[in-house]
Amino acid sequence: MSFTREPFPIESFELLASEEAKHWWFRARNRVLLWALENQIGHFNSFLEIGCGTAFVLEGIHKSYPDADLYGSEYFEEGLVHARGRIPAASFVQLDATKMSESARYDVIGAFDVIEHIEQDQLVLKNLARALNQGGSLLVSVPQHRWLWSEVDEYACHIRRYTRSELTQKVESAGLRVKYVTSFVSLLVPVMWLSRMKARKGEYDPMTEFHIPKWLNKSLELVMKAELALLKFGVRLPIGGSLLLVATKS
């Protein structure tokens, strides 16, 4: 199989591997995803993450579900170098998700900020649906709101930011039943909007998102902890920088 497309700056994997465990965004997203796994999905025996990158999310799942069989796929081998080191017990493979052909193999499949990089996102969702066992679940997170589009998205090689109705319709068209949808990174939308207005003026430096003061990093993480408390209380947030969706194959 030939791997020639470059929808993501491959040099970023080294930076991600060193910064994810310290950065408020990655830590907060992991908490949201693990909460969704526990409360919206429950027990599972096998889990596949599409576009696993350095396997930071999968490592968190491994700690919470040590008995589950874990699998990770990534378009770039540069990411898998770090992934294999994080979770030696998991199985990893270099894979183009548009060419995925597995059928009825996994209890849960996760795609976390992945399908927005792929032109043929509908095809990928159909491939994921086919790979789920009957009764299995799909857990997806994507960037939300087209009005937040800026140079930040272009640097990250996003093709789109989703609306809630667009993601729901595409998942349902893949043959899955949408069970749960909520926004997150909601309390920080005003900060996101101001930051992206600045980026649109050509003042964006991607490294500034990683090189922020420790006090600010902690403060942003505290805001996200408060937001997670709202989700645990049953609040479904209407707007947010990201969108979380859980669907089942029934």
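Q: What area does the chain expose, and what percentage of it do carbon and sulfur atoms supply?
A: The structure is a predicted model, and the area is a computed value for the chain. The chain exposes about 11500 Å², and the share of this area supplied by carbon and sulfur atoms is 55%.

Q: What is the radius of gyration of the chain, and why does the chain count as being as compact as a globular protein of its length?
A: The secondary structure of the chain comprises nine helices and seven strands. For 250 residues the globule rule gives 18 Å, and the value for the chain is close to that, so the chain is as compact as a globular protein of that length. Its C-alpha trace spans about 45 × 40 × 30 Å along the principal axes. The radius of gyration is 17 Å.

Q: What percentage of the contacts with a separation of 6 or more is between residues 24 or more positions apart?
A: Of the 250 residues in the chain, 55% are buried. Among contacts with a separation of 6 or more, the share accounted for by residues 24 or more positions apart is 79%.

Q: Is Gly53 buried or exposed?
A: Gly53 is located in the loop between strand S1 (46–50) and helix H3 (56–64). Leaving aside neighbours within four places in sequence, the residues in contact with Gly53 are Phe13, Glu74, Gly79, Leu80 and Ala83. The relative accessibility of Gly53 is 10%, and because the cut-off is under 20%, Gly53 counts as buried.

Q: Which elements do the buried residues of H3 pack against?
A: The buried residues of helix H3 are Phe56, Val57, Leu58, Gly60 and Ile61. These residues pack against helices H2 (24–41) and H4 (77–86), and also against the strands S1, S2 (69–74), S3 (91–94) and S4 (106–112).

Q: How many disulfides does the structure hold, and why is there no bond between Cys157 and Cys52?
A: A disulfide is a covalent bond between the sulfur atoms of two cysteines. The sulfur of Cys157 has its closest cysteine sulfur in Cys52, 18 Å away, and this is too far for a bond, because a disulfide needs the sulfur atoms within 2.5 Å. Cys52 is buried at 5% relative accessible area, whereas Cys157 is partly exposed at 25% relative accessibility. The number of disulfides in the structure is zero.

Q: How far apart do the centres of the positive and negative side chains lie?
A: The chain has 29 positive and 30 negative side chains. Taking the centre of each set, the separation between the two is 6 Å.

Key. Residues are numbered from 1 along each chain as its sequence is written. This is a predicted model: local features need pLDDT of at least 70, side-chain atom pairs count only at pLDDT 80 or more; totals for chains, interfaces and linings use all residues. Side-chain values use heavy atoms; hydrogens and water are left out. Helices (H or I, at least four residues) and strands (E, at least two) are DSSP runs, numbered from the N terminus. The radius of gyration is taken over C-alpha atoms; the globule rule is 2.2 Å times the number of residues to the power 0.38. Buried means under 20% relative accessible area, exposed over 50%, partly exposed in between (1.4 Å probe, protein chains only). Contact means heavy atoms within 4.5 Å. Accessible areas come from the Shrake-Rupley method with a 1.4 Å probe; for residues, only the protein chains shown count as cover. Lys and Arg count as positive and Asp and Glu as negative; His and the chain ends are not counted. The place of a charge is taken as NZ of Lys, CZ of Arg, CG of Asp or CD of Glu.
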